[in-house]
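Please look through the structure below with the packing of its helices in mind. The text that follows goes from helix pairs to single buried residues, then to aromatic pairs and backbone details.

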Amino acid sequence: MDIIVIKGGRQLNGTVATSGAKNAALPLLFSSLLAQGEHVFDNVPRLNDIDSTELLLNHLNCETQRNGHQLKVNVNRPQSLVAPYDIVRKMRASILCLGPLIARYGEAKVSLPGGCAIGSRPINLHIEPLRQLGAEIDIENGYVMARANRLVGDRIVFDFATVGGTENIMMAASLARGTTIMENVAKEPEIVDLARCLRSMGAKIQGEGSSVITIEGVDELQPARHRVIPDRIEAGTLLLAGAITGGDVKVTNCVPKDFDALINKLIDCGFAVECGDDWVRVKPCDRWVAVDVDTAPHPGFPTDLQAQFMALMTQADGTSVITERIFENRFMHVQELARMGANITPKSQVSVVRGEKGGLSAAPVMATDLRASASLILAALATDGETTVNRIYHLDRGYEKLEEKLSSLGACIERRAN
Ligand code: UD1
């Protein structure tokens, strides 16, 4: 298994480009199941989660063809409408095939994804709305067994603005009979991207990006060509890498307004940040002050940047209170940061970080989940020694060539086979 070795203490400087968004690409690829024929997706990042999605699509009789960052999906009628445990367990987002399959074929058997390191992650907010649209759903032997004649539009009020739940129902409702009004939906940029793609497939969708989405179902959709939006979490991580080393880093091919919650926090800390339409630059800064962060659904501070921001706060002047409001167990990086000398007190959903510039030291650490691995790499950049990050398969799920991108900015970082 590979490890990443970082020799810290170098200031990062330069320009680096963001890849396509993992969390946009996954639902987009599953949306192809809604229409027979060849779909073309551009700006698809090269990631293990995309490979897992391709594996599931292949299992469902779709042919996939990669050419750099382009991915073609040729959708044929599946021989079996089953998403097996062996594939779903590798990637929870596999549940996103449920909506398309039930809407298009009236049947689906999808393995329950189970819990994961950052929390229990139930799928009730996927299942209940599908029931409301007329699907009969049972849970048997670890599988979601769903059946429907044709889904029928309804008014759905989500208890929580779930990202995946919103996406699954958007896809299902696109082929339902009649109108579906979805209230209290997620407003993430990835939802907006999915709506744009579904619209170019012929879906009648309005309201994406607001808390109410209205979908008038159609009988059939056509394949489309679609470009995946840039990854705002990767862009934010790269910007934080510049910030934590006190460097001058310009991140291009991104949409700063999609992660302005982070940009505003950096400004509150005392960083000078410049933005264009598709780039953002953090300027050199010697000392920064601690600020508090509460994660929240978009446009709030993203939970997917909480761990990385915590690394920055270990180097701040003062005390930062970081509150995680989306997932119940998303502080596993705290123990690893503590092994590097960080002074953090976690309690339930709140972590108190007492910052100290230069207070981190290199240590062997272990990535516990995707964003935690990025947090440990950022922390390692701020030490003077050599840090080894183990279990980086988490990183490979969601960051495309992070070590190469950081290296191009002057970091001393390499991947080694262990
Ligand atoms: C997506 C992102 C993930 C991000 C998260 C929150 C993808 C592939 N993943 O995950 O990176 O961290 O949004 O921004 O896009 N919940 C329920 N019942 C449900 C569904 C969710 O209780 O049926 C709860 C979850 O346990 C969690 C909260 O709602 O506490 C948010 O989850 P959700 O927005 O659904 O996240 P995901 O779509 O899984």
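**Helix packing and buried sites**

Helix α8 passes α9 in a right-handed crossing. The model is a predicted one. Helix α8 covers residues 232–244, and its axis lies 10 Å from that of α9, at an angle of about 15 degrees. Angles under 35 degrees count as roughly parallel, and α8 and α9 are therefore roughly parallel to each other. On the α8 side the contact is made by G236, L239, L240 and A243, which meet L262, I263 and L266 of α9. By class, the residues of this contact of α8 with α9 are 6 nonpolar, 1 polar and no charged.

A second helix pair is formed by α4 (residues 98–105) and α6 (residues 163–174), which pack at an angle of about 15 degrees with their axes 7 Å apart. That angle makes α4 roughly parallel to α6. The crossing of α4 and α6 is right-handed. Helix α4 contributes L98, G99, P100 and A103 to the contact, and helix α6 contributes N168, M171 and A172. The contact of α4 with α6 has 5 nonpolar and 2 polar residues, and no charged ones.

One of the α6 residues in this contact, N168, can be followed further. Is N168 buried or exposed? Its relative accessible area is 0%, so N168 is buried. Apart from neighbours within four places in sequence, N168 is in contact with I95, L96, L98, G99, P100 and H126. Among these partners, L98, G99 and P100 belong to the α4 side of the helix contact.

Residue V110 also touches L98. V110 lies in strand β7, which spans residues 107–111. With a relative accessible area of 0%, V110 is buried. Leaving aside neighbours within four places in sequence, its contacts are A83, S94, I95, C97, L98, Y143 and V144. I95 is thus listed for V110 and for N168. V110 and P84 are 26 residues apart in sequence, while their C-alpha atoms are 6.5 Å apart in space.

Helix α1 (residues 22–31) gives another view of burial. Of its 10 residues, 9 are buried, so the helix is largely enclosed by the rest of the structure. The buried residues are K22, A24, A25, L26, P27, L28, L29, F30 and S31. Which residues does T53 contact, leaving aside its neighbours within four places in sequence? They are L26, L29, F30 and M91. L26, L29 and F30 are among the buried residues of α1. T53 itself lies in helix α2, residues 48–59, and is buried, with a relative accessible area of 0%.

**Aromatic pairs**

How many aromatic pairs does the structure hold? There are 2 aromatic pairs. F271 and W288 form a tilted pair, with 5.0 Å from centre to centre and 35 degrees between the planes. F271 is in the loop between α9 (260–269) and β16 (273–275), and W288 is in the loop between β17 (279–282) and β18 (293–294), so the pair ties together parts that are 17 residues apart in sequence. F271 and W288 are both buried. The other pair, F301 with F309, is edge-to-face, at 5.4 Å centre to centre and 70 degrees between the planes. F301 counts as buried at 4% relative accessibility, and F309 is buried at a relative accessible area of 0%.

**Backbone details**

H298 and P299 are joined by a cis peptide bond, with omega at about 15 degrees. P299 is in the loop between β18 and α10 (306–313).

Positive phi values occur at S348 and R391. S348 is not a glycine, yet its phi is about 50 degrees. The residue sits in the loop between β20 (343–347) and β21 (350–355). At 60% relative accessibility, S348 counts as exposed. R391, also not a glycine, has a positive phi of about 60 degrees. Its place is the loop between β23 (386–390) and α13 (393–398). At 38% relative accessibility, R391 counts as partly exposed.

Definitions and conventions:
Residues are numbered from 1 along each chain as its sequence is written. This is a predicted model: local features need pLDDT of at least 70, side-chain atom pairs count only at pLDDT 80 or more; totals for chains, interfaces and linings use all residues. Side-chain values use heavy atoms; hydrogens and water are left out. Helices (H or I, at least four residues) and strands (E, at least two) are DSSP runs, numbered from the N terminus. Buried means under 20% relative accessible area, exposed over 50%, partly exposed in between (1.4 Å probe, protein chains only). Contact means heavy atoms within 4.5 Å. Axes are lines fitted to C-alpha atoms, for helices over the stretch in contact, and angles run from 0 to 180 degrees between N-to-C directions. Angles under 35 degrees count as roughly parallel, over 145 as roughly antiparallel, 65 to 115 as roughly perpendicular and the rest as oblique. A crossing is left-handed if the near helix is turned anticlockwise from the far one by less than a right angle, and right-handed if clockwise. Ala, Val, Leu, Ile, Met, Phe, Trp, Tyr, Cys and Pro count as nonpolar, Asp, Glu, Lys and Arg as charged, and the others, Gly among them, as polar. Rings of Phe, Tyr and Trp (its six-membered ring) pair if their centres lie within 6.5 Å; planes under 30 degrees apart count as stacked, over 60 as edge-to-face and the rest as tilted.
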